[in-house]
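Subject: Handover of a protein model

Dear colleague,

Please find below the structure that I am handing over to you. I would be grateful if you could read the notes that come after it with the coordinates open.

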Amino acid sequence: MTKRKRVDLVMRKELLTDVLYDQFISLCLQGRCSEALVIAKKVNTNKLTIRKKKMFRGYIERFSSVFSKPKKIKDPIQDLTCIYKNYWHHILLENTRQKAFDKILLKQLKEWMKNVRGIHLKTNSMEKIVDRLKLEIKAMGYNCITGKVPPFQELEIWKTQKVVTYSVNLPEGTERVKTFLMSDFVIKGWLAYATMGRHYPGGWAKKEGLFCNTQAYDLRSEKFRVSFLAHEAQYYSDYKKFPGLGSADLEYRAKLAEFALAKKTTQKVYQLFASRAAYNKKSPHAFSSFCVIRDLTREISGKEDFKALTRMPNGFLRRVNFSQAAVRLMKRHSQALQSQGRRKVKNFIE
């Protein structure tokens with residue numbers, strides 16, 4: 001074999017590893033861990049960094065075996081996190097049995113509430129159970145988020161937070177938002193469990209303000225200003241404008257806000273969304289990424305095929321004016337939502 005052929009073969013193997021890695025992460029972020037496990041076993045870990053090697057080995061070990069709860073847990077909060085990890089472990093591997101696993105989780109949460117907090121709950125409403133759980137966790141000195149983060153029940157617990165107010169410029173106006181800067185996490189949710197802690201929510205928006213996991217960002221960086229502040233402030237703004245709008249459309253608009261305002265990080269944002277995109281309406285993040293990349297591709301290049309921009313010559317993405325394209329798409333999306341009734345519209349992207 002000639003030197004040139006050996007180089008080409010190595011490059012093809014490295015490219016295959018990169019493609020498999022993107023597919024693996026995309027499936028994990030959608031909560032499809034049984035499919036991700038099949039890919040994980042195909043990846044040539046010799047081509048990966050030490051950190052990624054460790055993640056893959058841990059992932060294969062975790063999801064190839066039954067969840068094992070530690071025998072002696074004295075801390076009630078750690079006991080609670082084990083209940084959720086057990087739930088995530090099973091539901092991530094068997095998505096089709098979600099209702100059954102939700103019922104098991106509900107039963108275990110009621111038992112935890114009874115044994116730890118002395119509270120007997122008769123309701124079988126998951127919404128009421130997790131709302132009460134949130135109150136009890138706060139009474140124990142922690143902060144938390146509970147409830148459904150599509151498609152699964154979520155639990156994040158952290159010890160410390162401080163409040164800062166930011167004024168955020170968005171494509172359609174300015175929002176002044178109270179922001180809770182969170183730290184000292186006990187558990188970071190199902191995304192962290194599905195990816196061995198490599199990915200987890202960097203933050204979210206609620207009616208009371210924005211919540212930022214400070215471990216995910218350098219607060220002086222464009223990534224923080226764009227991928228957290230602009231993204232979540234767009235959510236915050238849209239909660240008021242379109243109170244019934246679904247998760248996928250809210251996420252679509254938040255991603256457009258990132259493209260509209262990014263300067264140094266535009267190319268990374270594009271490549272990240274493109275690699276995580278999937279036409280899966282059960283996963284709002286994957287589905288919105290698909291729609292954003294598809295629509296930007298059409299707006300910029302006139303091409304209909306998804307991710308056509310990724311096949312353009314080197315350096316092409318750096319020269320593309322994503323900001324103008326994103327602003328145009330945001331304007332048209334807003335007009336479409338308004339035409340359906342600002343307070344009634346639930347979804348638009350397809």
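The notes below begin with confidence, then take up a helix pair, individual residues and backbone geometry.

**Confidence**

Please bear in mind that this is a predicted model. The protein chain has a mean pLDDT of 90, and 92% of its residues reach 70 or more. Residues 3-15 are the stretch to treat with caution: pLDDT stays under 50 there, and the model has four contacts beyond four places in sequence for these residues. Where pLDDT is low, predicted coordinates should not be read in detail.

**Helices H4 and H5**

Two packed helices are described by the angle between their axes and the distance between the axes. Helix H4 covers residues 76-93 and helix H5 covers residues 98-117; their axes come within 10 Å and cross at roughly 170 degrees. H4 is therefore roughly antiparallel to H5, since an angle over 145 degrees counts as such. On the H4 side, the contact is made by Pro-76, Asp-79, Leu-80, Ile-83, Tyr-84, Asn-86, Tyr-87, His-90 and Ile-91. H5 contributes Gln-98, Phe-101, Asp-102, Leu-105, Gln-108, Leu-109, Trp-112 and Val-116. Sorted by class, the contact of H4 with H5 consists of 11 nonpolar, four polar and two charged residues.

**Three lysines of H5**

Helix H5 also holds Lys-107, Lys-110 and Lys-114. Their accessibilities are as follows:

- Lys-107 has 53% relative accessibility and counts as exposed.
- Lys-110 has a relative accessible area of 19% and is buried; the cut-off for buried is under 20%.
- Lys-114 has a relative accessible area of 45% and is partly exposed.

Where does the side chain of Lys-110 find backbone oxygens? It reaches that of Leu-121 at 3.4 Å and that of Thr-123 at 3.2 Å. Leaving aside neighbours within four places in sequence, Lys-110 is in contact with Ile-119, Leu-121, Lys-122, Thr-123, Asn-124 and Ile-129. The C-alpha atoms of Lys-110 and Val-345 are separated by 36 Å, with these positions 235 residues apart along the chain.

Asn-124 also appears in a distance for Lys-107: the C-alpha atoms of Lys-107 and Asn-124 are 8.4 Å apart, and the two residues are 17 residues apart along the chain. Lys-114, not counting residues up to four places away in sequence, touches Ile-119 and His-120.

**Arg-253 in H9**

Arg-253 is placed in helix H9, residues 247-261. Is this arginine buried or exposed? Arg-253 has a relative accessible area of 0% and is therefore buried. The side chain of Arg-253 makes a polar contact with the side chain of Asp-238 at 2.8 Å. Beyond four places in sequence, Arg-253 touches Glu-172, Gln-234, Asp-238, Phe-242, Leu-245, Met-330, His-333, Ser-334 and Leu-337.

**Thr-266 and Phe-273 in H10**

Helix H10 spans residues 266-276 and includes Phe-273; Thr-266 is found in this helix too. Thr-266 counts as buried at 10% relative accessibility, and Phe-273 counts as buried at 8%. Outside the range of four places in sequence, Thr-266 touches Phe-259 and Phe-322. With the corresponding exclusion, Phe-273 touches Lys-255, Glu-258, Phe-259, Ser-289 and Ile-293. Phe-259 thus appears among the contacts of Thr-266 and of Phe-273. The C-alpha atoms of Phe-273 and His-285 are separated by 9.1 Å, and these residues lie 12 residues apart along the chain.

**Backbone geometry**

Three points may deserve a look when you prepare the model.

- Pro-150 and Pro-151 are joined by a cis peptide bond, with omega at about 5 degrees. Pro-151 is found in the loop between strand S1 (143-149) and strand S2 (152-170).
- Asp-184, in strand S3 (residues 173-188), has phi near 60 degrees, a positive value in a residue other than glycine.
- Met-196 has phi near 55 degrees, again a positive value in a residue other than glycine. Met-196 lies in the loop between helix H7 (190-194) and strand S4 (203-206), and counts as partly exposed at 30% relative accessibility.

With kind regards

Technical notes. Residues numbered from 1 in each chain as written. Predicted model: local features only at pLDDT ≥ 70, side-chain atom pairs only at ≥ 80, totals over all residues. Heavy atoms only, no water. pLDDT = per-residue confidence, 0-100. Contact = heavy atoms within 4.5 Å. Axes fitted to C-alpha atoms, helices over the stretch in contact; angles between N-to-C directions. Helix = DSSP H or I, 4+ residues; strand = E, 2+ residues; numbered from the N terminus. Parallel < 35°, antiparallel > 145°, perpendicular 65-115°, else oblique. Nonpolar A, V, L, I, M, F, W, Y, C, P; charged D, E, K, R; others polar. Buried < 20%, exposed > 50% of the residue type's maximum accessible area, 1.4 Å probe, protein only. Polar contact = N/O pair within 3.5 Å; in protein donor to acceptor, adjacent residues only side chain to side chain.
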